[in-house]
Structures are given as structure tokens and as C-alpha cells.
Amino acid sequence: MGFFLETLIGGLMVGTLYALIAIGFVLIFKASGVFNFAQGAMVLFSALAMARFAEWIPGWLGMAPGVVGNLLAIVVTLALMVLVAWVIERFALRHLVNQEPIALLMATLGIAYLLDGLGPMVFGSAVYSINVGMPKDPVFVMDGLIPGGVMLSLEDLYAACIAALLVVCLSLFFQKTKTGRALRAVADDHQAAQSIGIPLSRIWVIVWSVAGGVALVVGIIWGSKLGVQYSLSLVALKALPVVILGGLTSLPGAIIGGLIIGVGEKLSEVYIGPMVGGGIETWFAYGLALCFLLVRPQGLFGDKIIDRV
Amino acid sequence: MTSKKIGDVILDIKNISLRFGGVKALTDISFNVKEHEIRSIIGPNGAGKSSMLNCINGVYTPQEGSITFRGQTFSHMNSRQVAEMGVARTFQNLALFKGMSVIDNIMTGRNMKIRSNLLLQALRWGPAEREEIAHREKVEHIIDFLEIQAWRKTPVGQLPYGLQKRVDLGRALAMEPQVLLLDEPMAGMNVEEKQDMCRFILDVNDEFGTTIVLIEHDMGVVMDISDRVVVLDYGKKIGDGAPDEVRDNEDVIRAYLGTAH
């Protein structure tokens, strides 16, 4: 029982991390109707920037690395991500207004490669670490109920709380503010949005900045767990099945999809894996996503696509 | 029709020419629109009616000519500036936010008027909540006016065409425009829906005093509700005046019916 719970909790924790990346995808999709292939690259780029600024800034200012240095690094990296958003809008998106979505999709592919190359070029390509004081030690809970208790990683627990907080903030932003409404409007129809006075370019800078911010959060959490390296941009691929499962337009869907995949992956690896020779973890998510595409293509919580003919 | 006070010229279009490569969409078009009137633009398919509307709306930039709106002259404008100055429009091919509900669609029309702090909006707190309620009241008023109460929470993509046209009009009305540009608001409608739409247009004109520039193919409708009509053919203006004058204009008859050979 204890082992089962540990596997389950481990799965949930990995799931929240997948969910965090998926949120980045959902955000841009909701606000521009485009699947942003560059999300993974943005995670890597922001994590690299964060890791390096956390080293450099204390050096420049002549102080010991610590909380202040980390905070400054976060602020500077955020500013950098806003700058990246502005550049993307100015040089790519602005020219693609009222064009086919596929053009935007290809643009995000290009942006992905650009960031993948630019990040290591500017910040170096070694493996860096981010230390924002996330607790590394596990704790044991439910000692009284189950012999030996259940091991819980505090780091993962923190990550889960941050993910939840992020989702609440983003949901409020999207549903309750005029900017959120404008974002959703722009996703549906560029021309109509312009005609009612929504400034397209500003909206796009905002949404890419927010996606950059989310990428930074993901980068910090994953980076402090696994170290900052190129493979970070591949982690984003794990978020693809998550958004298929949860629905491309739903923030809660991204969370629940992430949890289902995290748990499913771990449980199937532990309990079914030995029967088929293991290795389920690597393809489980994609298999599940495939099944979902066949049965419920809009995902669990996505808007059902209705086309009047 | 009841007598109404038609005011001074609010929108003055002078010598507009618009080309797409070698295609002359509009050639030297001039006409004006007076405050509170219903001004129709008619013409056969491809005459340049929608292009004209898109020039006023800032979607297209004409190569020559100028547009004067309330005394300010422009040769180049973007859609947002036009919207800020109080010009709203509807679209020939619907351009609604299909995934959003009727209320949200119409609320987007009020977006420019929302002033309160983003953080307060997110928390629905204090002044932001009061402001939201005030805007929502306006939106509900428009929903009542257009008689679409029953569908206020329905995603627009699921509504029948006639209702979507009304939502499109509602979103434009939510901007409380001074000038409303309507691009074929009755296209594809049946007689009953057309009558409803006519009633809405006349009521908007009457109740809010909104100036209306209308593109429409249904001559019955145009002759009935317009104060003045401008006729385009192959990008050129061939007629301008009260409905009766236009109806008797030789060039107009030729454009619509052809000449005897």
C-alpha cells in the first residue's frame, strides 16, 4: 500500500510539471489560435538566462549569491522574455496578421530553432544549475497509518503548489479582465478584433510575455530539479500528449491532463512494465493521446469544435 | 418615415482611388455622409462597395484621396484609430468570436471603454466591479434591443446565421459608435429576418441618432430606409442622391439592367 501511494504521488508530482509546460502551450493557443512549437525552446532559453544571470549578477554587483541575487536574476530574465516577446511580435507576427494559421505555426517552428541556437550562444552550452532554495530532502507522511510512512518530495510539493497558483492567476486573468477577453477575441478573428479597437500588436506582446513568464517558472522548477541543459527543450514534447488529453483551450484541462499522464506513466511502468519488459514510461503518454484523438479529439475539457456547413 | 434632424457633414470622402496591383478597385470616389442619416452604397457585385467601406474603416489604405471625419482629415489610418474615433462596423462575411458566448462577444465591443486597473478587474473588486456591472448593463440593454435574450450564454458559433448577424450588429453597437458601417447586414436572410434587421437599423438610427452607412443588395430595403444613396459600378461613382433620384438615373438603370442592343 505504501509503495502504491508513493508511486501514485510520484506520478502526480511529475504530472504537475508536465502540466506547467502544457499551460504554456494552452496560453498561446487560447490567445492566438496557434500551437506554439517554440514553448520548449522558451523554457530552455529562460532557464539558461536565469541560471547564468544568477551567477553573473552577484558577480557584477560584488555580493554573495543568495536570495537577492536570485530575485534580481528572475526580474532580469523576465524583462528579457518580454523583450523576446516584443521582438517576435515586431519581426514575425506583425507580418502574419490575417494570414492562414499554418503560417503562424511555421513561424513558431522558426522561433523555436532561433531560440534553441541563440540561448546556448549567448549564455553558454554547459550544464548549469539553478538553486532557488527549493528543499531537496524528502519527508515522510502518514507514519501512523502505513508502516514506514509514505515518502514525499518537498521539492515536488512546492512545484505543485506553484503550478496551482499559476493556474488560478491565469484563469482570473483570462476570464475576468478586459485584456483576457481581448486575448480570446484575437484568437478567434484578427480582423473583427481590430475593428472593435483591440490593438493586435500589444495583445501579442502581452500573450508572448505571459508565455515567456510561464516558461521561466517551468525552467526554474525543472532546472533546479534536473539542471539546465539542452534536453530541457525536449521535455516540452512530453506536454504534447498532455494538451491533447486535456484540450488545447482549457487551463484546468492542462492540469488534469498532466496529472493523468504523470500517474498513468508511473503506475503502468511499475505494475504493467515487468510483464512486457519495461520501458512503458517513454511511450505511454503518446499511446494514451492517440486513443484520445480517436475518441474525443477536442480533449477532456477543450471547446467542442462545431463547424456549420 | 418620421421626420428626423439630419445634421452637418460628419464624414467627407474626397477623390478616393484604390488599386490592388493593376486592378482599379475604386477610382476617384467622392461623397459625403451627414450626421444622423442612413446613407446606402449600392452597386452590382464587384463594384467596390466593400472596398469603399474598408477604406473608411482603415483596413485598406487608398493610394489617393482623403477622408475627413468630424473635421479631421486623414489619408492613412489603422483600424484601431478608426474604432477609437467612434466608427464601428459589421462584416459581410461574419467575423465573430465563434468560441465566445453572445455576451462575451458583445462585451468585447466595450473593451476600449473599460478603464479600471487590471489587477482589480481580475479580483472583481471595488471600482472594477462597479464598472463591470455598468458595462454589463449596457450589454444587456443591447441584447434586449436585438431580442437575443434567449441565446446570451450560447457560443456564437452554434447560432443560426440570422442570429449571428444580430450579434455582429450588437458588438458594433456596444462601442456606442457615432458612425456605424454595415456591410450587407441582410445578405442571406429570409423576408422575416430582413424585416427584423430593417427595424433594428431604423431603431438604432432613431433612438441613438447613429449615422449609418449601409451596403445592401436588396433594392426594396435600400429604397425604403435610406435617406441618400450612392451608386458604384466598376469602382466609379455613377449616381448619388435621394432614392427616387437614383432610381430614375439612366446610368444606374444601365448598370443594373444593361442596355438594349
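Chain B of this predicted model holds an open sheet of six strands in the order β6-β7-β8-β3-β9-β10, with mixed pairing. Two strands count as paired if DSSP finds at least two bridges between them. Strands here are DSSP runs of E with at least two residues, helices are runs of H or I with at least four, and both are numbered from the N terminus. At the edges stand β6 (87–89) and β10 (236–241) of chain B, each of which pairs on one side only. From one strand to the next, the twist averages 15°. Axes are lines fitted to C-alpha atoms, for helices over the stretch in contact, and angles run from 0 to 180 degrees between N-to-C directions.

Residues are numbered from 1 along each chain as its sequence is written, while chains are lettered from A and ligands numbered from 1 in the order in which they are written. Because the model is predicted, local features need pLDDT of at least 70 and side-chain atom pairs count only at pLDDT 80 or more, whereas totals for chains, interfaces and linings use all residues.

Stay at the β10(B) edge. Strand β9 (residues 228–233) of chain B runs antiparallel to β10(B), and five bridges join the two. Leu232(B) has Lys237(B) as its bridge partner in β10(B). Val231(B) is matched with Gly239(B). The two strands make a hairpin with two residues between them. In its turn, Tyr234(B) has a positive phi of about 45°.

Chain B has another open sheet, this one of four strands. Its order is β2-β1-β4-β5, and the pairing is antiparallel. The edges belong to β2 (23–34) and β5 (72–74) of chain B; each has a single partner strand, so one side of each is left without a neighbour in the sheet. Here the twist averages 20° from one strand to the next. Three bridges join β4 (residues 64–69) of chain B to β5(B), and these strands run antiparallel. Thr68(B) stands opposite Thr73(B) in β5(B).

A helix lies across this sheet. Helix α1 (residues 49–57) of chain B crosses β1 (9–20), β2 and β4 of chain B. Its angle to β2(B) is about 65°.

Now take chain B as a whole. Its secondary structure comes to ten helices and ten strands. The radius of gyration is 19 Å, close to the 18 Å that the globule rule gives for 261 residues, so chain B is as compact as a globular protein of that length. That radius is taken over C-alpha atoms, and the globule rule is 2.2 Å times the number of residues to the power 0.38. Along the principal axes, the C-alpha atoms of chain B fill a box of roughly 70 × 40 × 40 Å.

Chain B is also divided into domains, with bounds from an automatic or database domain assignment. Domain 1 covers 1–86 + 177–261, and domain 2 covers 100–173. Their centres, taken over C-alpha atoms, are separated by 27 Å. The contact takes eleven residues from domain 1 of chain B and eight residues from domain 2 of chain B. Residues are in contact if their C-beta atoms, placed from the backbone, lie within 7 Å. On the domain 1 side, α2 (79–84) and α7 (191–208) of chain B each supply at least two residues. The largest share, four residues, comes from α7(B). This side of domain 1 divides into eight nonpolar, one polar and two charged residues. Ala, Val, Leu, Ile, Met, Phe, Trp, Tyr, Cys and Pro count as nonpolar, Asp, Glu, Lys and Arg as charged, and the others, Gly among them, as polar.

Chain A has twelve helices and two strands. Along the sequence they follow the pattern α-α-α-α-β-β-α-α-α-α-α-α-α-α. The radius of gyration of chain A is 20 Å, close to the 19 Å from the globule rule for 309 residues, so chain A is as compact as a globular protein of that length. Its C-alpha trace spans about 65 × 60 × 35 Å along its principal axes.

The chains meet where 22 residues of chain A are in contact with 28 residues of chain B. On the chain A side, α5 (154–176), α6 (178–188) and α7 (190–195) of chain A each supply at least two residues. The largest share, seven residues, comes from α6(A). The chain A side divides into nine nonpolar, six polar and seven charged residues.

Last, confidence. The model scores ipTM 0.74 and pTM 0.77. Chain B averages a pLDDT of 88, and 97% of the residues score at least 70. pLDDT is the predictor's confidence in each residue, from 0 to 100. Among the elements of chain B, helix α4 (residues 118–123) has the lowest mean pLDDT (79), and strand β8 (residues 211–215) has the highest (94).

Notes: Contact = placed C-beta atoms within 7 Å.
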